[in-house]
Each structure stands twice: as structure tokens, then as C-alpha cells.
Amino acid sequence: MDPTLMKGLKDQYASLSNDGFRVLAVAVKELAGKTSCAKEDEHNLVAEGICAFLDPPKPTAATAIEALHKHGVTVKILTGDNDLISRKVCRDVGFLPTQCYW
């Protein structure tokens, strides 16, 4: 893939992730005569685009976390999201940067 195009896609990924979007790249490859694919087929794909999904914290999350803190409960967030999305969610629910680890 052209390095300039790759940089543009990575920048778009980072921008969307920083806004809390989960980003999924979509690529295709013709596998003539095959009914299933394997790991070794995952090369020479043609990028078609990206899909971005937003799943923000519930509006009550920050208030609930604050109430738990007031009652002495330590709240931790475990996620499979990337660090950019995780940082956004932590900010949205009232965590300080010093309370978050990646």
C-alpha cells in the first residue's frame, strides 16, 4: 500500500478512536474456488474502506462511578478497546489520567 495512503488511514483511525469510535477496516480478496480461508490467505488484500461504531458510556456512568467513590469503592475499567478509545471513555466517566493505566 502506498505509504501516504497508509499514513492517511492511520491518521483517520487515530482521529476516530480519539473520539471514542471503534474502527473496523474492510478489505477484500478473490479466493477463486475456495469455500473457506486460512491465515495464509490474509495477504494482498484490497482495502475497501472503514466502518466506525460509537458505543459511548451510559449517561449515568459518571454519576454512578462518583457515588461508588464516595462510598469507598475503587472502580477499575477493564476493556479490550485500544488505548485511544479507553482514554476517551475514562475522560467521559470522570477518571483522571493518573487513574488510568495502559
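## Legends to close-up views of a predicted model

**Figure 1. Arg 87 is found in helix α3, which spans residues 83-92.** The model shown here and in the following views is predicted. Arg 87 has a relative accessible area of 35%, so this residue is classed as partly exposed. A second residue to locate in this view is Cys 100, which is 13 residues away from Arg 87 in sequence. In space, the C-alpha atoms of Arg 87 and Cys 100 are 7.6 Å apart.

**Figure 2. The protein as a whole contains three helices and two strands.** Followed along the sequence, these elements occur in the pattern α-β-β-α-α. The radius of gyration is 19 Å, whereas the globule rule gives 13 Å for 102 residues; the protein is therefore more spread out than a compact globule. Along the principal axes, the C-alpha atoms fill a box of roughly 60 × 35 × 20 Å. Of the 102 residues, 14% count as buried. Contacts can also be sorted by separation in sequence: among those between residues at least 6 apart, 57% join residues at least 24 apart.

**Figure 3. The largest pocket holds about 360 Å³ of space.** The lining of this pocket is made up of 16 residues, and those closest to the pocket centre are Met 1, Leu 9, Ala 25, Ala 47 and Ile 50. Three elements each give two or more residues to the lining, namely α1 (3-18), β1 (21-28) and β2 (46-54). Helix α1 provides the largest share, with six residues. Sorted by class, the lining consists of 12 nonpolar, two polar and two charged residues.

**Figure 4. Asp 41 is placed in the loop between β1 and β2.** Is Asp 41 buried or exposed? The relative accessible area of Asp 41 is 12%, and because buried means under 20%, Asp 41 is buried. When residues up to four places away in sequence are not counted, Asp 41 touches Lys 29, Leu 31, Lys 34 and Ser 36. For one of these residues, Lys 29, the separation from Asp 41 is 12 residues in sequence. The C-alpha atoms of Asp 41 and Lys 29 are 8.6 Å apart in space.

**Figure 5. Asn 44 also lies in the loop between β1 and β2.** The phi angle of Asn 44 is near 55°, a positive value in a residue other than glycine. The relative accessible area of Asn 44 is 65%; exposed means over 50%, so Asn 44 is exposed. Gly 8 serves as a reference point for this view: Asn 44 and Gly 8 are 36 residues apart in sequence. From C-alpha to C-alpha, Asn 44 and Gly 8 are 19 Å apart in space.

**Figure 6. The cysteines of the protein form zero disulfides by the distance rule applied here.** Cys 37 is in no disulfide, and the nearest cysteine sulfur, which belongs to Cys 51, is 18 Å away. A disulfide requires a pair of cysteine sulfur atoms within 2.5 Å, so the sulfur atoms of Cys 37 and Cys 51 do not qualify. Which exposure class applies to Cys 37? Cys 37 is exposed, with a relative accessible area of 56%. Cys 90 has a relative accessibility of 7% and therefore counts as buried.

Note on methods:
Residues are numbered from 1 along each chain as its sequence is written. This is a predicted model: local features need pLDDT of at least 70, side-chain atom pairs count only at pLDDT 80 or more; totals for chains, interfaces and linings use all residues. Side-chain values use heavy atoms; hydrogens and water are left out. On a 1 Å grid over the protein atoms alone, a cavity is a set of points where a 1.4 Å probe fits but cannot get out, and a pocket is an open set with protein on both sides within 12 Å along at least five of seven lines; lining residues have an atom within 4 Å of a point. Grid points are joined across faces, edges and corners, and a volume is the space filled by probe spheres set on the points. Helices (H or I, at least four residues) and strands (E, at least two) are DSSP runs, numbered from the N terminus. Ala, Val, Leu, Ile, Met, Phe, Trp, Tyr, Cys and Pro count as nonpolar, Asp, Glu, Lys and Arg as charged, and the others, Gly among them, as polar. Buried means under 20% relative accessible area, exposed over 50%, partly exposed in between (1.4 Å probe, protein chains only). The radius of gyration is taken over C-alpha atoms; the globule rule is 2.2 Å times the number of residues to the power 0.38. Contact means heavy atoms within 4.5 Å.
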